[in-house]
Amino acid sequence: MINLNWYPVWRRNFLVWKKLAGPSLLGNLADPMLYMLGLGYGLGGLLQSVDGVPYLNFLAAGTLAYSVMNSATFETLYSAFSRMHVQKTWEAILNTPLTLKEVLLGELFWATSKSLLSAVAIMLVIWALGLYDNFTMTLALLPVALLTGFCFAGMGLAINAVSPNFDFFLYYFTLAITPMILLGGVFYPPSALPVWLADIAAWLPLTHAIELARPLVLGRIPSDIVLHGLALIAYGGIGFAAALKLTTRRLLK
Amino acid sequence: MSPLILRGLTKSYGGVRVVDGLDLELEPGRCHGLLGPNGAGKTTTLRLALGLIGADAGTVDLLGYPMPAEAALARRKVGVVPQVDSLDPDFTVRENLLTYGRYFGMKGREIEARIPYLLEFSGLAGKADAPINNLSGGMRRRLTLARALVNDPDLIVLDEPTTGLDPQARHLIWQGLRRLIGQGKTLLLTTHFMDEAERLCDVISVLDQGRVIVRGSPRELIVKHIEPHVVEIYGDGLNEWKDCASSFCKRCEQAGETLFCYTDAPDKVVAQLEQQPGLRYLHRPANLEDVFLKLTGRDLRD
């Protein structure tokens, strides 16, 4: 795990991404920005303030976390599945000295890196529009994005491992991703939910990410940093361990 | 030292023994063919040999390393041409080779230095910057072979290297493989084409039901297992003629509308057939396919 054998796998994905960066950047970055600005200004115009700040400022951290989640999830579902199942890229790599664990680590770190890029794009908007309170604090959004990307990349690889085809991913989106977007606190504070629903929402990985990101944008120190950080690491770590086991069963039995 | 030794190899899937006590030992510098009907265990044997999967019983020794424990070490000096195309469609020819070389821990400069040779070897000189999707099926196959050579392997494993190719493309692949044998590389290939095995392989192992049922050079196998001549007969009146055929034909087999006569004395059979205007025939020397069909039967294995 300490070695860097996974790096050529990461690099392969990076080189392909570089060739097709234009449309990829547009999809990954422009989309969440449009959501944030459209809802922030449009809906925000109707609201006095949320949590004591203008709605656009409130929405910024949620958009960042949601964008990171989307980016890591799409990469480990559709893109990784295409490499594993359609192009047989992983099987080609497994004929070299690299192991499946190293292939999956390369994919994990690649998806995390790509999601970090999504975070940076949102951060640029946050800085440009002055949606933050304390600039130095916004820099702490980077490690938060890193943990969030890791979390969703690990979980995504586990789903990828059991998927028979591209359509299967809709289950994950409908049953996991969409509920998180709607309940995890992207668009409104979780306190607006009925208690029983807020209690459930508190367990969602996206909620943990937003609990860390939002205070940082609004110039406050997040509470329960260790709890939220460990939760993200646990979701991602368990996801990756499951991915390794299930992909081994799928490709190397 | 033998590049690959398999001993008592066994692997079951869902209670079915796909590989069943298989023994195989490769001689260095030779081309070895693994023949067998579908489901005989060829691909599973290759996967076990490469350490991609572990055996239920038996041992695999690849280039001196026990498999699958030391697979990563052994595969540094092994090249693999898989059955299914797995080239990177987003890369050019050169980028495919570069990227693949990095999986072996090679430096970019090291791989770059090898690319001109690999392109020349595979007849792709001038195609270095071509996107993969612009290549014909034969070119893709040759690039897959070139990719397998990026690490200068001692042993090259090829799973059906010419399936789906036209005759011109097959001949080009064969030329490449002969060149590798000439360089002293050891080859292990599976194929369904008996003419391919007969042309390329020094040693052939026929697999059926997960074990090696015969082994030898193509010529040895033909001499040992089959009569030297074959007369294939078809047409009206075959059934009547068949009844008396046994008197001058050593062994007869009927497959559909065709009767195969295996014989040491083809002249007698041909003389008989000349008197049967309704029957058409083809007289040819026996080949590896005849041996294969005799040993593994004519039934379909789906």
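Start by selecting Val206(B): in this predicted model, its bridge partner in β10(B) is Val214(B). Now widen the selection to the two strands around that pair. Strand β9 of chain B covers residues 203-208, and five bridges join it to β10(B) in an antiparallel run.

**The six-stranded sheet of chain B**

Next, bring in the rest of the sheet. It is open, has six strands in the order β6-β7-β8-β3-β9-β10 (chain B), and its pairing is mixed. Look at the two ends: β6 (78-81) and β10 (211-216) of chain B each have a single partner strand, so one side of each has no neighbour in the sheet. If you sight along the sheet, neighbouring strands are turned by 15° against each other on average, direction ignored.

Now add the helices that pack here. Select residues 137-148 of chain B for helix α5, which touches β6 and β7 (155-159) of chain B. The direction of α5 makes about 165° with that of β6(B). Then select residues 167-182 of chain B for helix α6, which packs on the sheet and touches β3 (31-35), β7 and β8 (186-190) of chain B. Its direction makes about 145° with that of β8(B).

**A stop at Leu145(B)**

Stay with helix α5 of chain B and pick out Leu145(B), which lies in it. Is Leu145(B) buried or exposed? With a relative accessibility of 4%, Leu145(B) counts as buried, since the cut-off for buried is under 20%. Show its surroundings next: beyond its neighbours within four places in sequence, Leu145(B) is in contact with Val81(B), Phe121(B), Leu158(B), Leu177(B) and Leu180(B). For a distance label, try the C-alpha atoms of Leu145(B) and His171(B): they are separated by 14 Å, with the residues 26 apart along the chain.

**The four-stranded sheet of chain B**

Move on to a second open sheet, with four strands in the order β12-β13-β11-β14 (chain B) and antiparallel pairing. At its edges are β12 and β14 (279-285) of chain B, each paired on one side only. From one strand to the next, the twist averages 20°.

Select residues 258-263 of chain B to highlight β13. Six of the six residues of this strand are buried, so β13(B) is largely enclosed by the rest of the structure. Colour its two faces separately: Thr258(B), Phe260(B) and Tyr262(B) are on one side, with Leu259(B), Cys261(B) and Thr263(B) on the other.

Then inspect the partners of β13(B). Strand β11 (residues 229-235) of chain B is joined to it by five bridges, running antiparallel. Within that pairing, His229(B) has Thr263(B) as its bridge partner, and Val230(B) stands opposite Tyr262(B). Strand β12 (residues 251-255) of chain B also pairs with β13(B) in the antiparallel sense over five bridges, with Glu253(B) opposite Phe260(B). Zoom in on the turn: β12(B) and β13(B) form a hairpin with two residues between them, and Gly256(B) in the turn has a positive phi of about 65°.

Finish this sheet with helix α9 (residues 238-245) of chain B, which lies across β11, β12, β13 and β14 of chain B at about 20° to β13(B). Helix α10 (residues 266-274) of chain B also packs on the sheet, touching β11, β13 and β14 of chain B, and its direction makes about 165° with that of β14(B).

**Over to chain A**

For the last stop, select Ile221(A), Ile225(A), Val226(A), Leu230(A) and Ile233(A), which make a nonpolar surface patch of about 510 Å². Leu230(A) sits in helix α11 (residues 225-251) of chain A and, at 52% relative accessibility, counts as exposed.

Technical notes:
Residues numbered from 1 in each chain as written. Chains lettered and ligands numbered in written order. Predicted model: local features only at pLDDT ≥ 70, side-chain atom pairs only at ≥ 80, totals over all residues. Heavy atoms only, no water. Pairing = 2+ DSSP bridges. Axes fitted to C-alpha atoms, helices over the stretch in contact; angles between N-to-C directions. Contact = heavy atoms within 4.5 Å. Patch = residues over 30% accessible without salt bridge, like charges linked within 9 Å, V, L, I, M, F, W, Y side chains within 5 Å. Areas by Shrake-Rupley, 256 points an atom, 1.4 Å probe, with all protein chains shown as cover. Salt bridge = Lys/Arg side-chain N within 4 Å of Asp/Glu carboxyl O. Buried < 20%, exposed > 50% of the residue type's maximum accessible area, 1.4 Å probe, protein only.
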